[in-house]
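Here are my notes for you, as someone coming to this structure fresh. Have a look at the picture, then go through the points in order.

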Amino acid sequence: MPVATSMEQLEKMLMNEIKNCMNEASNNILEVMRTETKGFYSSGSPSIYVRTGALGDSPETSPISSSGKEVSFDAYLDQSYAYQMPNEAFLEIGLPSHFSTPEVIEAAEAGTAHIKGRPGFWKKAESKMQKTLDDAMRKSFD
């Protein structure tokens, strides 16, 4: 194990280790999000629309960013895709069909708006994110 001979070297060594931990956490959190969003499809089958799988493909993490003594990344659901609107199958039976992608994700999370699937996927993912980060950090600093 290398030994720091100055405070500057020690800080650099610590920051490198933190970046490695954050990279591991980012990869593991991405996997948590993928598992939870894919799990959405395990409950209920739609009868008035065709599943696109876009929600299951939406988890993303940003590259690791560092500035000074801060290291971070973002974990999110990519909302750049668009659902076909209006959805004629909904309109034919008198249901509204005007949701934006963020509204569809929100309704899927809540289990509303006739979207079939296992709600609460994002809440479950969020509840696992801190532990995933802590586990990655603990490997190096415990």
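1. Let's start with a lysine. K128 is partly exposed, because its relative accessible area of 38% falls between the cut-offs for buried and exposed. Bear in mind as you read on that this is a predicted model.

2. What does K128 pair with? K128 makes a salt bridge with E36, and the closest N and O atoms of the two are 2.5 Å apart. This pair links distant parts of the chain, with K128 in helix α4, E36 in helix α1, and their positions 92 residues apart in the sequence.

3. Is E36 buried or exposed? E36 counts as buried, since its relative accessibility is 5% and the limit for buried is under 20%. So the salt bridge at 2.5 Å brings together a partly exposed lysine, K128, and a buried glutamate, E36.

4. A second salt bridge runs between the two helices. E24 pairs with K139, and here the closest N and O atoms are 2.7 Å apart. E24 belongs to helix α1 and K139 to helix α4, so this pair ties together parts that are 115 residues apart in sequence. As for accessibility, E24 counts as partly exposed at 26%, while K139 counts as exposed at 63%.

5. Now for the helices themselves. Helix α1 covers residues 7–39 and helix α4 covers residues 121–141; their axes come within 8 Å and cross at roughly 150°. How are α1 and α4 oriented to each other? They are roughly antiparallel, because an angle over 145 degrees counts as such. The crossing of α1 past α4 is right-handed. If you sort the residues of this contact by type, you get 16 nonpolar, 4 polar and 6 charged.

6. There is another salt bridge to look for, this time involving a loop. D57 pairs with K38, with the closest N and O atoms 3.3 Å apart. D57 sits in the loop between α1 and β1 (59–61), and K38 in helix α1, so the bridge ties together parts 19 residues apart in sequence. D57 counts as exposed, with 56% relative accessibility, and K38 as partly exposed, with a relative accessible area of 45%. Elsewhere, E36, R118 and K128 are joined into one network by salt bridges that share partners.

7. How many salt bridges are there in total? The count comes to 7. Among them are the pairs E24 with K139, K128 with E36 and D57 with K38.

8. Time to step back to the whole chain. The secondary structure adds up to 4 helices and 4 strands. In sequence order the pattern is α-β-β-β-β-α-α-α. If you want to trace that on the picture, start from α1 at residues 7–39 and finish with α4 at residues 121–141.

9. What about the overall dimensions? The C-alpha trace spans about 75 × 25 × 20 Å along its principal axes. The radius of gyration of the chain is 20 Å, whereas a compact globule of 142 residues would have one near 14 Å. Of those 142 residues, 30% count as buried.

10. One residue to pick out in helix α3 is I105; the helix runs over residues 101–110. I105 is buried, because its relative accessible area is 9%, and anything under 20% qualifies. I105 and Q79 are 26 residues apart along the chain, and their C-alpha atoms are separated by 8.5 Å.

11. Finally, check the backbone in the loop between α3 and α4, where you'll find both A113 and H114. What is the phi of A113? It is near 60°, a positive value in a residue other than glycine. H114 is not a glycine either, and its phi is also positive, at about 65°. Why single these out? Because most residues other than glycine have a negative phi. On accessibility, A113 is partly exposed, with a relative accessible area of 26%, and H114 is partly exposed too, with 49%.

Technical notes
Residues are numbered from 1 along each chain as its sequence is written. This is a predicted model: local features need pLDDT of at least 70, side-chain atom pairs count only at pLDDT 80 or more; totals for chains, interfaces and linings use all residues. Side-chain values use heavy atoms; hydrogens and water are left out. Axes are lines fitted to C-alpha atoms, for helices over the stretch in contact, and angles run from 0 to 180 degrees between N-to-C directions. Angles under 35 degrees count as roughly parallel, over 145 as roughly antiparallel, 65 to 115 as roughly perpendicular and the rest as oblique. A crossing is left-handed if the near helix is turned anticlockwise from the far one by less than a right angle, and right-handed if clockwise. Ala, Val, Leu, Ile, Met, Phe, Trp, Tyr, Cys and Pro count as nonpolar, Asp, Glu, Lys and Arg as charged, and the others, Gly among them, as polar. A salt bridge is a side-chain nitrogen of Lys or Arg within 4 Å of a carboxyl oxygen of Asp or Glu. Buried means under 20% relative accessible area, exposed over 50%, partly exposed in between (1.4 Å probe, protein chains only). The radius of gyration is taken over C-alpha atoms; the globule rule is 2.2 Å times the number of residues to the power 0.38.
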